[in-house]
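User: I am new to this structure and would like a close look at one part of it. Please take me through the aromatic cluster and what can be said of its members, with a short word on other side-chain contacts.

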Amino acid sequence: MSQDDQPVRVLVTGFGPFLDVSINPSFEIVKLLSEQHSPAGAGIEIIAHPVPLKAAYRSLLQTAPDLLRQHDNPDIVLHIGLATDRDYFAVEQSASRDGYHQYPDVERQTLRKDEGLAVWGKKSADKLETTLHLDAVVRSWKRNLSLPFGDGGTVDGDPGRPLLKKGKGRGGGQKRNDAAWAARGRALASGDVRLSDDVGDYVCGLLYYASMAAMQQLRDRVGRRYSGARNVVFLHVPPLEGEAALAKGLEVVVALIKALAESVT
């Protein structure tokens with residue numbers, strides 16, 4: 001249990017379709033979480049956001065603060081997204097404020113730097129890191145898993161780039177790299193969990209930054225439990241298809257949620 005004997009409330013979200021991905025495993029795992037009663041055990045309340053997040057920059061700018069209000073300021077926010085070029089699970093350390101002008105979203109739009117500055121201010125940090133201690137979280141994550149796992153080293157490579165085509169706003173286009181997808185889509189990750197610091201410059205990165213900024217602003221303003229903290233983490237999952245793969249993904253996510261809750265109690 002947490003320090004004041006209240007359950008640790010963990011909000012979990014997933015993304016909807018993007019590119020040629022009609023069924024996004026990130027939200028499929030969130031749906032599985034919502035169907036189980038207390039999958040992470042006593043002392044943890046999992047709040048599975050009931051609808052997938054839209055992979056659109058401007059929508060996410062508003063979604064991040066709205067989620068905190070809608071779910072009564074959860075203690076931890078866990079966003080899940082698909083990493084199309086990875087065959088392992090990775091929690092991301094940080095996200096950048098800028099750089100979302102390169103790859104069009106599902107609405108074929110990009111996000112200019114000045115649009116972000118209009119939301120967060122000219123004095124906003126160009127990079128934000130989670131205040132959760134992810135080194136310790138990853139160690140606990142591994143202990144909580146009954147699956148084999150990898151070495152947990154820091155990883156490289158933008159998780160979105162293999163499927164994305166650069167463009168300038170509407171009409172820039174998107175194209176799925178079927179070769180990259182096929183080469184990695186068969187790997188189920190075998191419970192390989194790692195720490196990463198490359199969330200990318202697509203919608204995952206923007207959501208992560210926006211969510212950390214929103215939580216910090218809220219905590220500073222109202223002084224809730226964990227005041228000033230950015231208790232947000234982004235998890236990239238590999239391409240998971242089929243019931244067996246998604247069940248494995250669910251096990252990995254539940255183990256992560258336990259580790260996150262342990263880190264703040």
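Analyst: A polar contact is a pair of N or O atoms within 3.5 Å, where, within protein, one must be able to donate a hydrogen and the other to accept it. In this predicted model, a polar atom of the side chain of Asp75 lies 2.9 Å from the backbone nitrogen of Arg9. Asp75 belongs to the loop between helix H2 (57–70) and strand E3 (76–82), and with a relative accessible area of 3% this residue is buried.

Helix H2 also brings us to the aromatic cluster, since Tyr57 lies in that helix. The structure holds 5 aromatic pairs, and one of them joins Tyr57 to Tyr100 in a tilted arrangement, with 6.2 Å from centre to centre and 50° between the planes. This pair links distant parts of the chain, because Tyr100 sits in the loop between strand E5 (94–96) and helix H3 (113–120), 43 residues apart from Tyr57. Both Tyr57 and Tyr100 are buried, and for Tyr57 the relative accessibility is 0%.

Tyr57 pairs with Tyr202 as well: the ring centres are 6.1 Å apart and the planes stand at 90°, so this pair is edge-to-face. Because Tyr202 is in the loop between E7 and helix H6 (203–222), while Tyr57 is in H2, the pair ties together parts 145 residues apart in sequence. Tyr202 is buried too, at a relative accessible area of 6%. Ring pairs link Tyr57, Tyr100 and Tyr202, together with Phe18, into a cluster.

A ring contact of another kind involves Arg194, which lies over the face of Tyr88 at 3.9 Å from the ring centre.

Terms used. Residues numbered from 1 in each chain as written. Predicted model: local features only at pLDDT ≥ 70, side-chain atom pairs only at ≥ 80, totals over all residues. Heavy atoms only, no water. Helix = DSSP H or I, 4+ residues; strand = E, 2+ residues; numbered from the N terminus. Buried < 20%, exposed > 50% of the residue type's maximum accessible area, 1.4 Å probe, protein only. Phe/Tyr/Trp six-rings, centres within 6.5 Å; stacked < 30°, edge-to-face > 60°. Lys NZ or Arg CZ within 6 Å of the ring centre and 35° of its normal.
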